[in-house]
Amino acid sequence: MRRPLVAGNWKMHGTRASVAELIEGLRCLALPGNIDVAVFPPCLFIPQVIDGLAGKSITVGAQNCAMQSQLGALTGEIAASQLADAGCSLVLVGHSERRLMLGEHDDLLCRKFAAAQVSGLVPLLCVGETLAQRDAGQALSVIKQQVGIVVERLGIDAFARAVLAYEPVWAIGSGLTASAQQAQDVHAAIRAQLAAENAAVAGTVRILYGGSVKAANAAELFGMPDIDGGLIGGASLNADEFGAICRAAGS
Ligand code: PEP
C-alpha cells in the first residue's frame, strides 16, 4: 500500500508577510495521519517555512537544485547539498515551467536528479505532455521518453528513492484538469514502464497527479488506483483549500 503524498508547489509566489500568513494557516490544519504532506516554497523562504512549520508534520522541499551536488563556482545556483543542509528533504526536478520556459533538457534534469539523491534529497520528477502533443496522440510516448531517459541514465533503482508527478502541461494553472480516467491511464502506463524494469520499484514508487487540482476534484482523482496524491500549484497557496485536498487524499 503506497502512502499518499500531497505536495504544494508555491512557485514564484509570496512575500515574507504572505508566507508568514500561509505558515499560520498550515499550522492550524488538522492533517490526516495516513498521508505525507510537503510544501515547496521559493528558495528564499525555505528557512522561514522550516522554522515556522517546526513540530508540524509537513516536510519542506525546494523547487530546483543545481546540476552538481558539491559546492563550487556556479553563480546563482543552489546545490542540493545546501538544500539538505538547510533542512529540505525533497526537490522538484523537471517541472514543465522549467522545461519549457527555461529550456531545461533531459541531460540537465538527469544530472539534477542524481545530484539530489547524492545529497540525500528525494527528487520529485515531473513529466507531462503539451496540448499539441496530446492532440497529436503523442501523450504516452512523450511521457515514456521523459521517464525512460532517467531510467536509462541512472538505472531503475533510482526510482526506489524518488517520487514522480504526471502533470499535463495543458492542465497546469489553466483550470482544466485531466479527467480521473485520463490521469489514471497515464499513471498506469508509467507504472507499467517501470514494472518492465523492476516490479518491486514500480509497485512502491508514488506517482502524483498535478494540474489544477482543487478540493472539488481531488477525491475523484485520488480515488484512482495508480494516483498516489497530488502536486498542487495554485490551490496550495490557500491553506484551507490545501487542507481540504489533504483530507481528500487521506479519506
Ligand atoms: C504545478 O505547477 O505543479 C501545478 C500543478 O499547478 P496548478 O495546480 O496551479 O495547476
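Visitor: Which residues of α1 are buried?
Guide: Welcome! This is a predicted model, where local features need pLDDT of at least 70, side-chain atom pairs count only at pLDDT 80 or more, and totals for chains, interfaces and linings use all residues. Residues are numbered from 1 along each chain as its sequence is written, and side-chain values use heavy atoms, with hydrogens and water left out. Buried means under 20% relative accessible area, exposed over 50% and partly exposed in between, with a 1.4 Å probe and protein chains only. By that cut-off, the buried residues in α1 are V19, L22, I23, G25 and L26.

Visitor: How wide an arc do they cover around the axis of α1?
Guide: An α-helix has 3.6 residues a turn, so residues three or four places apart point the same way. The arc is taken from the directions from the helix axis to the C-beta atoms. A17, E21 and C28 are exposed on the other side of α1. The buried ones sit on the same side because they cover an arc of only 160°.

Visitor: What distance does α1 reach from its first C-alpha to its last?
Guide: Helices here are DSSP runs (H or I, at least four residues), strands are E runs of at least two, and both are numbered from the N terminus. The expected span is 1.5 Å times one less than the number of residues. For the 13 residues of α1 that gives 18 Å, and the model comes close to it, at 19 Å.

Visitor: What is the phi of K11 near?
Guide: Most residues other than glycine have a negative phi. K11 lies in the loop between β1 (5–9) and α1 (16–28), and is buried at a relative accessible area of 18%. Its phi is positive, near 50°.

Visitor: And what is the phi of S212 near?
Guide: S212 is in the loop between β7 (206–210) and α10 (215–222). It counts as buried, at 16% relative accessibility. Its phi is also a positive value, near 55°.

Visitor: Which residues are closest to the ligand?
Guide: A residue is near the ligand if one of its heavy atoms lies within 4 Å of it. There are 14 residues around the ligand, divided into four nonpolar, eight polar and two charged. The closest are K11, H95, E167, G173 and S212.

Visitor: How far is a polar side-chain atom of E167 from an oxygen atom of the ligand?
Guide: A polar contact to the ligand is a pair of N or O atoms within 3.5 Å. A backbone N or O atom of G233 lies 2.8 Å from a ligand oxygen. For the polar side-chain atom of E167, the distance is 2.7 Å.

Conventions:
Polar contact = N/O pair within 3.5 Å; in protein donor to acceptor, adjacent residues only side chain to side chain. Nonpolar A, V, L, I, M, F, W, Y, C, P; charged D, E, K, R; others polar.
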